[in-house]
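Here's a quick tour for anyone meeting this structure for the first time. Have a look at the model, then read on.

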Amino acid sequence: MRGPDQVERLVAMLARLPGLGRRSARRAALKLLQDPGGLMLPLAEALRSTAEAVRPCRVCGNLDTEDPCRLCTDPHRDQETVCVVEGVADLWALERAHVHRGLYHVLGGVLAALSGVGPEDLRIEPLLERVAAGEIREVILALPATVDGATTGHYLADRLAGSGVVVTRLAQGVPMGGALDVMDDGTLAAALKARRPA
């Protein structure tokens, strides 16, 4: 493949990335092509070496160069609390916010009957095995505030019932700086149900 075909292949590959449409991918490709030694070749090397070095953690599902990952082996983290998330992006968001100092468990998705995603398609059994090992005291369900996220949360709460662990969920409702008149009905309902003493 040569010439314009090669460029179109690059644009098509870039356009597959989230947040990049065809036009943005074309701009990114042009920028890379204008500085192949300073941008394109180092990027290609970083992609290659990362693809070879990074793998999922067998314990929690995080992506890291170590297995178990650095979060799972960090002795300063709360070993009795596990935060369950849909994907690695959610784990990274919580870490970036510095709001959780325990362990994690990445499900790899949520239950979605319409898409054919059932419990066997997610990392639910490994979570149950971690809980059964007896070191975990609390499981935090940090799942999306969607129908599928709520369904997954209810399913996990049912499966964990009787295990002796405390199962909690993230609070939902009005965000900081949010005005009530622009909130959707579901958000307002969740906020009212989750009210607490002032």
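His 98 sits in the loop between helix H4 (88–97) and strand S4 (102–106); helices (H or I, at least four residues) and strands (E, at least two) are DSSP runs, numbered from the N terminus. His 98 isn't a glycine, yet it has a positive phi of about 55°. At 69% relative accessibility, His 98 counts as exposed (over 50%; buried is under 20%, partly exposed in between, with a 1.4 Å probe and protein chains only).

A note on the source: this is a predicted model, where local features need pLDDT of at least 70, side-chain atom pairs count only at pLDDT 80 or more, and totals for chains, interfaces and linings use all residues. Residues are numbered from 1 along each chain as its sequence is written, and side-chain values use heavy atoms, leaving out hydrogens and water.

Another loop holds Pro 68, and the peptide bond leading to it from Asp 67 is cis, with omega near 0°. Here are the two loop residues side by side:

| Residue | Loop between | Citation |
|---|---|---|
| Pro 68 | S2 (63–64) and S3 (78–85) | strand to strand |
| His 98 | H4 (88–97) and S4 (102–106) | helix to strand |

Now the core. The largest nonpolar core has 17 residues, and Val 84, Val 131, Val 139 and Leu 156 touch the most other members. Such a core is a set of buried Ala, Val, Leu, Ile, Met, Phe, Trp, Tyr and Cys residues joined through side-chain atoms within 4.5 Å. H5 provides the largest share, 4 residues.
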